[in-house]
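The following paragraphs lead through the structure shown here, from its overall build to selected local features.

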Amino acid sequence: MPNLEIMKDVFFVGYVDWEVRNFHGYSTHRGTSYNAYIAKGEKTVLIDTVKVNYFKEYLENIKNVCDPKDIDYLIVNHVEPDHSGSFPQILKYLPNAEIIASTIGVKNLELHFHKDVDAEIFKKIRAVKEGDILDIGNGKKITFVPVPMVHWPDSMVSFMTDEKGPNVLFSNDAFGQHLATSKIWDEDNDLSTIMEEAEKYYANILLYLSNIIAKTLTKVGALPIDVICPSHGICWRKNIPDIVEKYKKWSSGEIDENSVLIIYDTMWGSTEKIAHALYYEIKNRGIPVRRFKLSSSDYSDVITEAMRAKAILVGSPTLNKTIYPSVAEYLTYQRGLKPMNKIGFAFGSYGWSGGAVKEIIKELEGAGIKVLDESIEIQFVPRSEDLNLKNIIDKLIENMD
Ligand code: FEO
């Protein structure tokens, strides 16, 4: 029988998904996990479910901890299907459990599972509000804190205080990472890897919600937390100040250094020539610069780079009077996520009508990015004088400071 107890009276009953490489469009190079937990006091509490594909493994894990009939509460912290997907299935095994969710959680559970779950069940769910407390006995109490839009309107965190042990924040998506690992604790994993995945998770899932995250951090940060158990990736206990500090930084748009990101695509090599000339002009000045060709890059990696950079330089050839499809696709993704405090610059090439550069500027502005007045748009093939970019880079650097 596997040992699922990760700390005294807290058990991991989720599923580590080593295989997944695409999580609704987000590339998960290192897999992910759907974390669910059991906490035991005098009462037994099941916290969250897993993606429905892994219900069998989830149920087996639960059975290795207790008889499901002995579970007194099922807490649904978040209705997105990676955490509530097995809700209809697990209910059949929990005849004695009261279900608990946020007020919006109750509504969203019904909106998701009206076909699979008897309507009477939804009427019996306990809707909790901020500060409501569940006493599970043996010195343990769970306080509920709805955190709307971290990541959906129904999202909630559950904070378990323990008179005899560490206080645990079941934080759901917050502080998570798409990372499959056999080691549950932060200190047993490589810190740079988990921080890299936490940053990528923030950039792809939470970035556009940064104003809300910052307010939530103030509220949740005031709790005397000893352990954070998120719904994806590792649990935090040694590096909590580090990840909280990172969340403060990411949610405020603060960056480590004034670096430049160049992203582009090319049809016959002209836009690529400009991208390379920009790259070398910036590199030669000692400014950190990274370059990605969008048709061979992954959007979820590139948006993470965009969050880290101060300046985002976007290049595209004109195709059918507009932006090249791979560039348009990335810019649409970026417009939704809205990286903060950035300087934008547009460049490209065209054959006869032009149009891509104008569209890039529109997309960057739509993402809330301040765009330089200057841009580069070359007809057909750039001449060597077109690639003398000293003045443009001077202007860019001026605006980065
Ligand atoms: Fe991991 Fe918003 O679900």
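Helices and strands are here DSSP runs, numbered from the N terminus, with at least four residues for a helix (H or I) and at least two for a strand (E). On this basis, Phe 380 belongs to the loop that connects β23 (376-379) with α13 (390-400). The model is a predicted one.

As a whole, the protein contains 13 helices and 23 strands. Its C-alpha atoms occupy a box of roughly 75 × 40 × 35 Å along the principal axes. Among the contacts with a separation of 6 or more, 73% join residues 24 or more positions apart. Of the 401 residues, 57% count as buried.

The exposed area of the protein amounts to about 17300 Å², of which carbon and sulfur atoms supply 50%. On this surface, Phe 380 forms a nonpolar patch with Trp 352 and Val 381, and together the three have about 420 Å² of accessible area.

The interior holds 1 cavity of 30 Å³ or more. The volume of the largest cavity is about 90 Å³. Helix α7 (residues 210-221) gives the largest share of its lining, with 4 residues. The residues that line this cavity include Val 147, Leu 169, Phe 175, Ile 213, Leu 217 and Tyr 247.

A last site is His 83, located in helix α2 (residues 81-84). Is His 83 buried or exposed? His 83 counts as buried because its relative accessibility is 0%, and the cut-off for buried is under 20%. Leaving aside residues up to four places away in sequence, His 83 touches Asp 48, Thr 49, Val 50, His 78, Asn 172, Asp 173, Ser 231 and His 232.

Conventions:
Residues are numbered from 1 along each chain as its sequence is written. This is a predicted model: local features need pLDDT of at least 70, side-chain atom pairs count only at pLDDT 80 or more; totals for chains, interfaces and linings use all residues. Side-chain values use heavy atoms; hydrogens and water are left out. Buried means under 20% relative accessible area, exposed over 50%, partly exposed in between (1.4 Å probe, protein chains only). Contact means heavy atoms within 4.5 Å. Patches are made of residues with over 30% relative accessible area and no salt bridge: like charges are joined within 9 Å, nonpolar side chains (Val, Leu, Ile, Met, Phe, Trp, Tyr) within 5 Å. Accessible areas come from the Shrake-Rupley method with a 1.4 Å probe; for residues, only the protein chains shown count as cover. A salt bridge is a side-chain nitrogen of Lys or Arg within 4 Å of a carboxyl oxygen of Asp or Glu. On a 1 Å grid over the protein atoms alone, a cavity is a set of points where a 1.4 Å probe fits but cannot get out, and a pocket is an open set with protein on both sides within 12 Å along at least five of seven lines; lining residues have an atom within 4 Å of a point. Grid points are joined across faces, edges and corners, and a volume is the space filled by probe spheres set on the points.
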